[in-house]
Structures are given as structure tokens and as C-alpha cells.
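Please open the model in your viewer and keep the selection tool at hand. The tour proceeds by stops, each with something to select and something to examine.

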Amino acid sequence: MEETEETVAYIAMITLVFFLILILGFWILNRRLSKNLWQPFQDTLQKLKTFELNSQKQPEFQETDTIEFAELNATLNKLIQHGISTYKNQKEFTENASHELQTPLAILKNKVDILLQSDDLTEKQYEIAEEMNKALIRSSRINKNLLLLAKIENSQFDHSELIDFDELVKHSKDSLQEYFEEKHLAVRLDLMSPIQIKGNNGLIDILLNNLLINAIRYTSKAGEIYIRATQSGFEIANSGQQKLNDELLFKRFSKISTENSGSGLGLPIVQEICRLHHWQANYHFEGGEHVFKVIF
């Protein structure tokens with residue numbers, strides 16, 4: 001009886017060991033088969049995650065013998081191709097429309113300027129002409145910004161020249177000195193020197209001016225603006241009362257405040273310039289300060 005019980009116990013242990021080995025083997029085999037089976041799907045998913053409509057580059061999906069995945073890739077190719085085509089047409093329309101509007105707007109602006117210089121205008125007529133002039137100036141500015149956005153999105157700017165960024169910051173600050181003085185704003189600079197980066201000099205100048213003008217608009221009189229720059233990036237901070245709506249900050253034509261007459265394209269242009277240079281722009285509100293940060 002004792003030998004029989006020991007034999008049964010040994011058999012049960014061996015059976016259990018073989019059962020566990022079989023379970024482990026089936027699990028490993030299933031993992032490998034699933035990995036090989038789902039690998040085309042994972043490849044498609046990864047390429048969709050990295051796809052950017054701005055690049056206008058059709059992703060190439062991995063060929064697969066699985067009918068369902070092949071149909072999925074074919075459908076995605078059609079959708080992406082249609083999206084790229086629509087996006088390209090919209091950009092071309094925006095660029096062409098903005099370019100064609102430049103000349104008539106310039107002519108209208110010139111005619112209104114001549115009208116304003118006339119001595120025969122009554123006070124009422126002068127006010128109407130002045131309102132027309134302001135509307136034309138705003139329309140011209142919006143048109144130029146839209147044209148600039150279209151050119152940036154089409155990658156029509158070279159961004160490989162070496163730039164002395166610290167000197168460019170000083171130049172931008174000096175060019176806006178009149179606006180700082182008008183609102184009695186204190187401006188502090190904390191610049192590492194030298195700071196050399198690769199980019200487009202004209203676009204980076206626009207980026208700095210847009211961020212500084214935005215800081216001027218949202219800083220109360222006798223406030224303070226702080227500009228800090230290092231080799232890894234820069235930030236512009238200005239004193240403020242409450243956080244801005246960061247969901248609308250970089251959206252085109254969005255109004256984050258009714259207190260300014262901006263076109264709603266300044267910060268979207270900043271974002272597009274950063275995208276072109278592969279930089280990162282973000283905003284946060286901390287310690288009673290609006291902080292716009294750009295990481296190179």
C-alpha cells in the first residue's frame with residue numbers, strides 16, 4: 001500500500017509538471033503567433049501615430065497576407081490620400097487668395113490716405129474715412145499673416161543658417177522700446193552669451209516680436225516683463241492677474257480677451273515657426289506671471 005501511494009504521488013507530480021510545461025509552452029507559442037499575426041497591425045498603428053498632415057507624405061504600410069489587415073491598410077491609404085489632397089488644396093487657396101488680395105488692399109489703402117489728406121472733408125466724412133483706414137490696415141495685416149502661415153506650412157523658408165540668438169533678442173527688445181515706455185513697463189534681460197542656433201533669421205525675429213507684443217498687451221501699466229534665454233531655449237514672462245485660456249491660445253482667430261485688437265494670428269504663427277524648426281512652444285501661469293516658453 002505504501003509503495004502504491006508513493007507511486008501515485010510520483011505520477012501525480014510528474015503529470016502536474018508536464019501539464020505546467022504544456023501550459024507554459026502553449027502560452028509562449030501563442031504569444032509568438034500573436035506577435036507575428038498582429039505585427040502588421042502594430043506597424044500600421046505606429047505609422048498612424050507619427051503621421052503629420054503638414055508633411056503631406058503618404059505613409060507606406062507593411063504588406064500582409066491577412067485579408068482584414070490588407071483591407072484596413074487600403075482603406076487608410078484612401079482616407080489619408082484624400083485628406084492630404086484636401087489639405088493641400090485649402091493651403092493653395094489660402095496662399096493664392098492672400099497673394100491676390102495684397103494689390104487691391106494696397107490700392108484701397110493708398111486711396112483712403114489721399115482722401116484723408118483732402119481739405120474738403122467734413123468732420124463726419126473724416127471720421128468715416130479714418131474708420132475705413134483702420135479696417136484696411138487690419139485687413140492688410142491679417143492678409144499678410146495668412147500668407148506667412150501658408151508659406152511656413154509649405155516649408156518655403158530655409159532654416160539652416162547660424163544665428164546669434166542673444167543679439168536677436170536684444171534687437172527685438174530695442175525695436176519695441178517705444179511700446180514698453182508707453183505702458184511704463186520694466187523689462188529685464190537674462191541672456192546667456194553667446195547663444196547660437198540654427199534657423200531662419202526673419203522667422204525667429206517674427207516669433208520674438210509676436211511673443212513680446214503679446215506680453216505687452218497682457219501686462220498692465222507699470223508691470224514687468226522678464227526675458228530669459230539659454231542654449232536650450234528661452235522664455236518670456238509678464239505679470240498678470242489670471243491664467244489665459246490655453247486651449248484657445250494657439251488657435252487661429254481665437255480671442256482670448258476682448259481688451260485687445262489683435263488679429264488672432266500672432267500665437268498661431270509662433271506655433272508654426274516652432275513646428276518648422278522642430279521646437280516646442282508652451283504656456284503656463286505661475287506666481288502671478290504669464291510664461292511663454294520655447295524649447296530648442
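Begin by selecting Glu286, which is exposed, with a relative accessible area of 53%. The cut-off for exposed is over 50%, so Glu286 falls into that class with its 53%. The model is a predicted one. Glu286 belongs to strand β6, which covers residues 280–286. Now add His284 to the selection: the side chains of Glu286 and His284 are joined by a polar contact of 3.4 Å. Next, display the C-alpha atoms of Glu286 and Tyr218. In sequence these two residues are 68 residues apart, and in space their C-alpha atoms are 15 Å apart.

**From Tyr218 to Asn238**

Keep Tyr218 on the screen and select Asn238, a residue of strand β5 (residues 233–239). Is Asn238 buried or exposed? Its relative accessibility is 2%, so Asn238 counts as buried. Show the side chain of Asn238 and look for its polar partners. One of its polar atoms lies 3.3 Å from the backbone oxygen of Tyr218. The side chain of Thr219 also makes a polar contact with the side chain of Asn238, at 3.0 Å.

**Helix α6 and the loop that follows**

Select helix α6, residues 201–217, and find Leu212 within it. Leu212 has a relative accessibility of 2% and therefore counts as buried. Add Gly223, which is eleven residues from Leu212 along the chain; the C-alpha atoms of the two are separated by 14 Å.

Then select Ala222, located in the loop between α6 and β4 (224–230). What is the sign of phi at Ala222? Phi is positive there, about 65°, although Ala222 is not a glycine. Ala222 is exposed, and its relative accessible area is 61%.

**Two further backbone details**

Move to His278, in the loop between α7 (266–276) and β6. His278 also has a positive phi, near 60°, and is a residue other than glycine. With a relative accessible area of 68%, His278 is exposed.

For the second detail, select Ser193 and Pro194. The peptide bond that joins Ser193 and Pro194 is cis, with omega at about 0°. Pro194 is part of the loop between β2 (186–191) and β3 (196–199).

**The aromatic rings**

Now display the aromatic side chains. How many aromatic pairs does a search of the whole structure find? The search finds eight. A pair of aromatic rings is described by two values, the distance of the centres and the angle of the planes.

Select Trp38 and Phe69 to see a tilted pair: the ring centres are 5.4 Å apart, and the angle between the planes is 55°. Trp38 lies in helix α1 (residues 2–50) and Phe69 in helix α2, so this pair ties together parts that are 31 residues apart in sequence. Trp38 counts as partly exposed, at 42% relative accessibility, whereas Phe69 is buried, with a relative accessible area of 11%.

Then select Phe165 and Phe296. These rings form an edge-to-face pair, 5.3 Å centre to centre and with 85° between the planes. The pair links distant parts of the chain, 131 residues apart: Phe165 is in helix α4 (residues 165–175), and Phe296 is in the segment after β7 (289–295). Phe165 counts as buried, at 0% relative accessibility, while Phe296 is partly exposed, at 24%. Add Phe234 and Trp279 to the selection, and a cluster appears: ring pairs link Phe165, Phe234, Trp279 and Phe296.

**Two helices packed together**

For the last stop, select helix α2 (residues 67–116) and helix α3 (residues 123–153). At what angle do α2 and α3 pack? The angle is about 150°, and the axes are 8 Å apart. That angle makes α2 roughly antiparallel to α3, because angles over 145 degrees count as roughly antiparallel. The crossing in which α2 passes α3 is left-handed. Finally, colour the residues of the contact of α2 with α3 by type: 16 are nonpolar, eight are polar and seven are charged.

Technical notes:
Residues numbered from 1 in each chain as written. Predicted model: local features only at pLDDT ≥ 70, side-chain atom pairs only at ≥ 80, totals over all residues. Heavy atoms only, no water. Axes fitted to C-alpha atoms, helices over the stretch in contact; angles between N-to-C directions. Helix = DSSP H or I, 4+ residues; strand = E, 2+ residues; numbered from the N terminus. Parallel < 35°, antiparallel > 145°, perpendicular 65-115°, else oblique. Left-handed = near helix turned anticlockwise from the far one by under 90°. Nonpolar A, V, L, I, M, F, W, Y, C, P; charged D, E, K, R; others polar. Phe/Tyr/Trp six-rings, centres within 6.5 Å; stacked < 30°, edge-to-face > 60°. Buried < 20%, exposed > 50% of the residue type's maximum accessible area, 1.4 Å probe, protein only. Polar contact = N/O pair within 3.5 Å; in protein donor to acceptor, adjacent residues only side chain to side chain.
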